[in-house]
Each structure stands twice: as C-alpha cells, then as structure tokens.
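Dear colleague,

I am passing on the structure we spoke about, with my notes on what I found in it set out underneath. Please have it open beside you while you read.

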Amino acid sequence: MLSRFKRVYYNKSRAVASWSKASCLGLALPNALVRILMGEEIFSRNFGQCMGPVPTQDRDALGEVVDPINNLLETVQFDTVFYSLDWHPSDHVSFIDNLSQRKLDASSPVSAADAKTYDTVIFEGPPPMKQRLWPRHCVQDSWGAELHKDLKIMENSTMVYKGTNPEVDSYSVFWDNKKLTETTLVSQLQKRNATDIYICGLAYDVCVGATAADALASGYRTILIDDCSRGVDLKDIEKTKNTVTSNSGVIVDSSQVKAMVEGRDRRPELGYKLAMELKNAMCE
C-alpha cells in the first residue's frame, strides 16, 4: 500500500483523479470534532462587539452558532469530541486593562496611551512580541470561562484548556502563539490515532483559523465547518479560508459533515492530503 502511494501520488492531479475514481468503500477514518472557545463571556454583549459578521449587538445572534453545533452532536457519530476553553489568569497579556503591567517595545505601532481594544501592540522582548489587545474574558474559574449554557456537552468528551500562561497568548488549540508549549490536544489525538479533524467555533479568523493551520501543518486531514463558526473581520475570515483550501483542507456546511464522517462523501483534497503525508513519512 505504501509503495503504491509512493509511485502514484507525487502528482496532485493524478492523486485527485485516483481518489475520485476509486470505488466507494465506505471508508471512515478515525476522526475528532474540535469545538473552539465556546465560553459564556465570548457570547456576552461586551465581548460580542468583535464577533461579526452576524449582528453583534445581540447576544442571541451569536448564540445562533450553538444550534448547528448541537445538531451535529445529535446527528453525527464522531469518534471523539474536544471542547477548548480559554482559561486565562487575571494578569493575562492579552487583556487591555493589563497593558500598563508590561513595557511596549519602541517598534510598537501604537503607544500605551493611545492603545484601544482590538489594537495590536508590540511588547518588549527578548524577542519583541506582537499582541492583539482584547477585553478581559474567560478568566480562570469565572462564569465567563464556562462553556455556553445552551451548548450540548457530550459524554466522554475532553476539555482542552489554553491561554494559561500569563505572558503568552494562545489562539490555536494545539500550541501557544510562540510555539513554546503544546496543549493536551496533541497527545490526545495521537492516542486516538485520529486522522481527520473537524473544527468549528469562535472566532473564525482567530482561534478557529489558528487551530486549522496547526492541524494542517501537523498532517491532519482538516475540515472547517463554515456555518458553525463566526469571526471578527471579514478580510481575515477570507484569509483563513484561503489558508485552509490552499493546504488541502476543506470548508463545508454542517449538513455535509455526516456523510463525510461515515465515509460516503470522499473529498479528493483530503485524499491528496493523506497521500502526501504518507509520502513524507516514507521520506523521513
């Protein structure tokens, strides 16, 4: 089997053609559903101002993302489900009200006096560190760090906590932003021999996008669920989509997920991704 991949799948067009023409065997690979940043405070009126493109002034509008996610949990048999939670200490570097606790680098495009929520500053190093400033949110052991009250919690699911280091932000559910420390997700996925990761949640162009990028870089077949995610900035959402699709990931609607998990909908991009990972493994 490995020699066949080595011989046939060096060329992307041939890989896609072979995958598409293959007989439908109902192959369902080990999968995981990763739900990102579904904390109560992310849905609240004060933090929700950054969560476009839905009507952000209405808490219930952001809650719309919970319904399709719950429907997935009720209708699709995932092998495992992960919930990620921001779990920030009160002195976390991302909170704008903590800005005075750390010195800005001379290269920072915004001064401490002029900085506003959602601005990006540069803190002193070494090395200097870019940081987007957010409202205080998801503080450890607070109401705001809890999962949304209407979100269905699956039995035997796993909670993954991120953003626990006060000096480093953590968008991805795999790593902190400096790639210093990995979360428990890494070992949990390896333990379960997962190959396919379905990703959804908040925010599309921040934590969801960073997680998808790390999943692809780590060799996972990555599926981003579009209608189960919401974002901050429309341009950055498009960048996230481009990152996923240009690296052999796919973006789908939640209505398409069940057939994919069951192996009835076999995407050629994911076949190509699997082939390339096998090729790379043989070359190591």
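Phe-174 is buried in this predicted model, with a relative accessible area of 3%, and Tyr-220 is buried as well, at 10%. The rings of these two residues have their centres 6.2 Å apart and their planes at 35°, so the pair is tilted, since that angle is neither under 30 nor over 60 degrees. Phe-174 sits in the loop between strand 5 and helix 5, whereas Tyr-220 sits in the loop between helix 6 and strand 7, so that the pair ties together parts that are 46 residues apart in sequence.

Phe-174 also belongs to the largest nonpolar core, which has 27 residues, and together with Leu-185, Leu-189 and Ile-197 it touches the most other members. Strand 1, helix 5 (184-191), strand 6, helix 6 and helix 7 (234-246) each supply at least two residues of this core, and the most is given by helix 6, with 6 residues. If neighbours within four places in sequence are left aside, the contacts of Ile-197 include Ala-32, Val-34, Phe-174, Leu-189 and Tyr-220. Apart from this core lies another, of 24 residues, among them Val-66, Leu-151, Tyr-198 and Ile-225.

Next to Phe-174 in the numbering is Val-173, whose place is likewise in the loop between strand 5 and helix 5. Val-173 counts as buried, because its relative accessibility is 0%, under the 20% limit. Not counting residues up to four places away in sequence, Val-173 touches Val-34, Ile-36, Ser-84, Val-160, Lys-162, Thr-183, Leu-185 and Thr-211. The C-alpha atoms of Val-173 and Asp-86 are separated by 9.3 Å, although their positions lie 87 residues apart along the chain when counted as a sequence separation.

By the rule for ring centres, the count of aromatic pairs comes to 4. One of them is formed by Phe-78 and Tyr-198, whose ring centres are 5.7 Å apart and whose planes stand at 65°, so this pair is edge-to-face. The pair links distant parts of the chain, 120 residues apart, with Phe-78 in the loop between helix 4 (66-75) and strand 2 (81-86) and Tyr-198 in strand 6. Both of these residues are buried.

Turning to the sheets, there is an open sheet of 6 strands in the order 5-2-1-6-7-8, with parallel pairing. Its edge strands, each of which pairs on one side only, are strand 5 (158-162) and strand 8 (250-252), and neighbouring strands are turned by 25° against each other on average, direction ignored. Within this sheet, strand 1 (residues 31-36) is joined to strand 6 (residues 196-202) by 6 bridges, and the bridge partner of Ile-36 in strand 6 is Gly-201.

Two helices that lie across these strands deserve a note. Helix 6 (residues 204-217) lies across strands 1, 5, 6, 7 and 8, and runs at about 165° to strand 6. Helix 9 (residues 268-283) lies across strand 7 and strand 8, at about 140° to strand 7. Helix 9 has 16 residues and reaches 23 Å from its first C-alpha to its last, close to the expected 22 Å, and its buried residues include Leu-270, Tyr-272, Ala-275, Met-276 and also Lys-273 and Lys-279.

Strand 3 (residues 120-123) and strand 4 pair in the antiparallel sense over 4 bridges, with Val-121 opposite Gln-131, and a hairpin joins the two strands through 5 residues. Along strand 4 (residues 129-132), Met-129 and Gln-131 point to one face and are buried, while Lys-130 and Arg-132 point to the other and are not.

Finally, there are some backbone points that you may wish to inspect. Most residues other than glycine have a negative phi, and most peptide bonds are trans. Here, a cis peptide bond joins Gly-125 and Pro-126, with omega about 10°, and Pro-126 is in the loop between strand 3 and strand 4. The peptide bond from Leu-202 to Ala-203 is also cis, with omega near -15°, and Ala-203 is found in the loop between strand 6 and helix 6. Phi is positive at Tyr-118, near 80°, and at Cys-138, near 50°. Tyr-118 is partly exposed, with a relative accessible area of 24%, whereas Cys-138 counts as buried at 1%.

With best wishes

How values were computed
Residues are numbered from 1 along each chain as its sequence is written. This is a predicted model: local features need pLDDT of at least 70, side-chain atom pairs count only at pLDDT 80 or more; totals for chains, interfaces and linings use all residues. Side-chain values use heavy atoms; hydrogens and water are left out. Two strands pair if DSSP finds at least two bridges between them. Axes are lines fitted to C-alpha atoms, for helices over the stretch in contact, and angles run from 0 to 180 degrees between N-to-C directions. Contact means heavy atoms within 4.5 Å. A nonpolar core is a set of buried Ala, Val, Leu, Ile, Met, Phe, Trp, Tyr and Cys residues joined through side-chain atoms within 4.5 Å. Buried means under 20% relative accessible area, exposed over 50%, partly exposed in between (1.4 Å probe, protein chains only). The expected span of a helix is 1.5 Å times one less than its number of residues. Rings of Phe, Tyr and Trp (its six-membered ring) pair if their centres lie within 6.5 Å; planes under 30 degrees apart count as stacked, over 60 as edge-to-face and the rest as tilted.
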